[in-house]
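Reader: I would like a close look at a single part of this complex, namely the open sheet of chain A, together with whatever packs against that sheet. Please take me through it step by step, and then set it beside the rest of the complex.

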Amino acid sequence: MPKTTPFHPRTGPLNHPQIWENWAGYLVAPQYQHSEISEYYSVRNSAGLLDTSPLFKYKFSGPDAEAFLMHAMARDIRKCKPGRAQYTVWCDDAGYVVEDGVIMHVSVGEYWLTAAEPNLRYFRQIARKKGFDVQIDDITTDYGILALQGPKSLEILQELTSDLNGVGFFRLAHTKLDGHSVVISRTGYTGDLGYELWVPKDSCVAVWDALMSAGSGYNITPMGLHALKMARIEAGLLLLDVDFYSSRYAWTDAQQDTAHELGWGWMFKNLAKDDRAFIGREAIEAEIANRTSRHNTVGLIIDWYDYQEKHREAGIMPPLEGVFNEGTMNIYKISDTPWEYGGYATCMMYSSLLRSHIAIAKLPLELCEPGTEVDLELSIIRRSVNVKARVAELPFFNPARKTARE
Amino acid sequence: MKKYDAIVIGGGHNGLVNAGYLAKAGLNTLVLERRPYVGGAAVTEELLPGYKFTTFSYALSLIRPDICQELNLPEHGMMTLPMPNHFHPAEDGRFLKLGADSYENYHEIAKLSLEDAEAMHDFGHIMDRVCHALKPLVDMIPPNPQSQEPEELERMAEFHAIMEGMPPDVQDMVQKLWTSSIAEVLDEYFENDLVKGMLASSAIIGSMCGPRSKESGMVWLFHKMGEYDGIFGEWGFHKGGNGGFTQCLGRAFEAFGGTILCDAGVDEVLRKDGAAIGVKLSSGEEIYADIVVSALDPRNTFLRLVDPAELPEDLVKHIEDFKFQGSAAKVNFVLSDVPKHPNHEYSSEIFRGFLNVGPTFDYLEEAFADAQEGRFSRRPFIDGCIQSTIDPDMTPPGKHIMSNFVMWAPYHLKDSDWDTERDNLGDAVQETLNSFFPGFNDLVEHREVVTPLDIERIVGIAEGNIFHGELFADQLFFSRPAPGWNQYRTPIKGYYQCGSGTHPGGCVIGAPGKLASMQILRDREKAAA
């Protein structure tokens with residue numbers, strides 16, 4: 001039997017289709033209502049409330065916590081002062097990405113990390129090998145996590161607390177909601193204004209109720225994983241096992257990517273001034289120096305007219321609503337040689353908001369310039385058809401409110 | 001002397017679309033709007049502090065998808081929120097609630113009729129194919145059959161290719177809808193009164209016809225051509241109401257370098273030697289341009305802004321005979337809470353889409369009979385929605401705003417006038433809602449009644465017809481607004497029309513604005529060549 005999250009007493013009855021997904025061994029709702037697009041729009045129009053409790057949660061403390069994280073993580077944890085959060089990756093010695101996650105400096109010398117997969121043994125092994133005096137605990141079941149995402153998320157929280165006033169993007173607040181202590185970070189996986197709440201497991205139901213009640217005038221909407229996955233593509237945020245795989249379990253180089261190849265080169269902008277010996281550093285430096293990145297990760301916008309035309313030629317309506325694909329799709333170069341392989345897309349969807357079909361793709365560097373035209377292979381009535389697409393910068397959607405100061 | 005390349009009279013959605021394309025093509029373009037803000041009948045007005053009213057137009061469907069692409073509307077904030085449910089109550093307390101899951105809809109309809117539940121799918125399939133086949137007609141400049149120009153012969157050929165290229169069953173359905181009542185069409189597919197009543201509502205929207213009138217098939221088809229995310233016949237609420245949408249259009253136009261001038265009503269299109277040279281504002285100011293486009297209705301375009309004596313007699317006769325006969329009203333409420341239906345537990349769900357008060361053909365025909373007698377429907381058809389259940393920016397938290405589109409409220413009342421009847425209409429609507437949702441009266445905090453006369457006075461549309469003239473078959477395509485003048489030109493050189501009175505017609509659709517711009521730019525290119 002899969003486990004349930006601490007919010008299940010509330011999410012269970014709200015799941016109208018009664019379909020559950022297994023996320024890391026927990027039951028989570030892919031959607032709460034039949035109209036998943038309505039759930040999606042709550043993130044762009046009002047506020048969506050999402051249970052992300054199945055994430056693996058780790059606490060780092062002890063005298064060497066900072067030194068350990070300086071070594072294990074690719075970004076410099078020293079830049080993450082107490083009260084701040086940082087989006088980071090951890091790599092292997094060859095510079096391939098193990099995983100990504102958000103780490104929070106919750107109090108001086110104490111850090112909390114979320115990860116998509118188990119990483120306790122991975123981190124402890126590094127600590128043991130290098131002799132760091134760091135305490136690493138799995139606190140996965142101690143907390144439930146709620147993501148409250150969307151333009152009304154702040155107003156809803158402000159109905160319950162004043163501690164979020166002035167809390168900037170990737171900043172934290174320790175506060176009480178309806179008498180229950182929570183840690184709130186201004187982070188999320190939707191690319192919108194939003195917050196994530198770490199709630200002690202025994203407070204979860206009460207905090208859910210407080211939020212739903214405070215949000216009732218703001219169209220707060222319980223939101224499932226599907227809506228989240230739509231929002232994250234628009235936000236250009238990558239997903240493990242869809243856009244990339246962990247290097248820990250890769251069989252060959254073709255199954256793994258470096259941080260640069262995933263579009264995370266920005267994390268190493270100041271590498272020259274960075275004095276840390278972190279895992280993967282030498283390989284990353286060599287990759288930069290020798291320009292050995294095999295590809296970059298970019299956005300693709302499918303040409304509206306070509307998409308219409310190719311479907312009309314086939315005699316059918318061009319599908320928009322519900323187009324969502326997390327499977328690999330081939331990309332070909334536009335050249336005199338037909339079907340000349342270019343790269344691949346890892347996910348593709350119709351964005352109702354942007355009124356475009358968008359994809360996240362991995363392309364060789366010479367095709368990564370925004371505006372470059374490529375062919376994306378679709379299946380139209382069981383036939384392979386190439387549809388024109390243009391390279392675009394990620395994210396596709398990046399509203400000012402996401403990072404706005406007030 | 002102020003001179004522009006083009007002046008568009010009327011900042012409604014078609015005027016803005018037209019101006020957007022002209023500006024995009026590099027023309028120095030000015031939009032003149034009589035009211036203090038653009039939007040025309042698609043405005044959101046904060047009539048009470050914190051309460052945003054969609055005074056007139058209130059939902060989106062027909063807006064051409066290509067326009068959204070070409071004017072970069074998503075970049076300017078276009079956001080059409082989906083409607084997860086539609087609710088259709090019966091007078092005896094039963095209801096139909098249809099939503100996003102087709103099997104759930106099947107079981108919902110099956111409560112009334114097993115065969116109708118299945119027929120819904122069959123009917124949906126043929127209608128999707130009909131709409132897909134006809135879509136190119138909506139998006140083309142219609143041919144002028146009176147012309148023998150090569151370009152026109154080509155267009156006629158294209159038209160025939162579309163019509164004759166349809167599969168026979170699609171062709172039959174098009175033919176049927178073109179010439180029959182919606183009742184005849186639905187009777188062939190469905191048996192249950194409530195199911196038929198729910199489907200029929202699009203056939204009477206804004207039109208002086210009942211579900212059993214022969215004009216209603218065409219009106220119904222016109223509305224079905226709209227889409228939400230590629231699903232024909234589906235609607236959405238624009239963020240911030242339909243005024244939110246026209247504000248996006250305004251920003252898009254300005255981003256292309258266009259200029260908007262509000263509080264600038266136009267009295268006259270200035271002419272010299274049979275050509276337009278500019279406009280004269282109500283203030284007396286004159287502004288010049290070689291291209292003048294009227295986004296107003298055909299009556300204003302041909303009979304007010306220019307001297308009809310300068311126009312061909314047959315054209316003037318056609319415009320004089322063009323049926324406006326506005327028949328729709330709006331009654332908008334501020335509510336202290338969401339109304340409760342006695343047999344539905346989750347009340348706010350009901351109002352996230354269209355609430356369809358018009359249970360059966362008989363109910364609708366009875367309401368229509370009042371209009372035929374020259375009075376408003378005592379028990380009207382109401383298309384209601386509470387946008388604040390979806391868009392929290394429409395009201396303060398906890399409060400709600402309800403938009404009600406009401407049929408029939410004929411512009412020409414027989415024994416009374418609208419200034420006398422305005423509140424009586426409001427009462428009739430409120431009483432009707434109260435009968436379907438007992439306790440409704442207690443929730444009402446404020447009421448705004450908008451009669452066809454108000455639409456004419458405030459927005460300026462002749463007889464308050466929301467489509468700038470009836471969407472009847474004899475006022476469409478080849479003859480919208482008049483035979484020979486269905487291609488956005490007028491007999492005055494440089495003077496064009498781009499309002500809903502031109503092809504394809506009314507609703508927030510944008511096609512007249514876009515197609516007119518194509519014609520204008522093509523004429524300009526030819527003149528330059």
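Author: What follows starts with the sheet, moves to the helices on it, and ends with the partner chain.

The model is a predicted one, and for the complex the predictor gives an ipTM of 0.96 and a pTM of 0.97. In chain A, five strands make up an open sheet, and reading across it their order is β5-β6-β7-β4-β8, with antiparallel pairing. Because β5 (85-91) and β8 (135-138) of chain A stand at the edges and each has a single partner strand, one side of each is left without a neighbour in the sheet. From one strand to the next, the twist averages 30°.

At one of these edges, β5(A) is joined by seven bridges to strand β6 (residues 97-107) of chain A, the two running antiparallel. Within this pairing, Cys91(A) has Val97(A) in β6(A) as its bridge partner. Helix α3 (residues 65-72) of chain A packs on the sheet, where it touches β4 (56-61), β5 and β7 (110-115) of chain A, and its direction makes about 125° with that of β4(A). Helix α4 (residues 120-130) of chain A, for its part, lies across β4 and β8 of chain A and runs at about 170° to β8(A).

Turning from the sheet to the partner chain, 24 residues of chain A are in contact with 23 residues of chain B. On the side of chain A that touches chain B, the largest share, five residues, is supplied by helix α2 (residues 36-45) of chain A. Sorted by class, that side of chain A has 11 nonpolar, nine polar and four charged residues.

Chain B itself has an average pLDDT of 97, and 100% of its residues score at least 70. There, strand β3 (residues 45-48) of chain B pairs in the antiparallel sense with strand β4 (residues 51-53) of chain B over two bridges, and Glu45(B) stands opposite Phe53(B) in β4(B). The hairpin of β3(B) and β4(B) has two residues between its strands, and Gly50(B) in this hairpin takes a positive phi near 90°.

Further along chain B, helix α15 (residues 418-436) has 19 residues and reaches 26 Å from its first C-alpha to its last, which is close to the 27 Å expected at 1.5 Å a residue. The buried residues of α15(B) include Trp418(B), Glu421(B), Leu425(B), Ala428(B), Val429(B), Thr432(B) and Phe436(B). An α-helix has 3.6 residues a turn, so residues three or four places apart point the same way.

Notes:
Residues numbered from 1 in each chain as written. Chains lettered and ligands numbered in written order. Predicted model: local features only at pLDDT ≥ 70, side-chain atom pairs only at ≥ 80, totals over all residues. Pairing = 2+ DSSP bridges. Helix = DSSP H or I, 4+ residues; strand = E, 2+ residues; numbered from the N terminus. Axes fitted to C-alpha atoms, helices over the stretch in contact; angles between N-to-C directions. Contact = placed C-beta atoms within 7 Å. Nonpolar A, V, L, I, M, F, W, Y, C, P; charged D, E, K, R; others polar. Expected span 1.5 Å × (residues − 1). Buried ≥ 20, exposed ≤ 12 C-beta atoms within 10 Å, placed from the backbone. pLDDT = per-residue confidence, 0-100.
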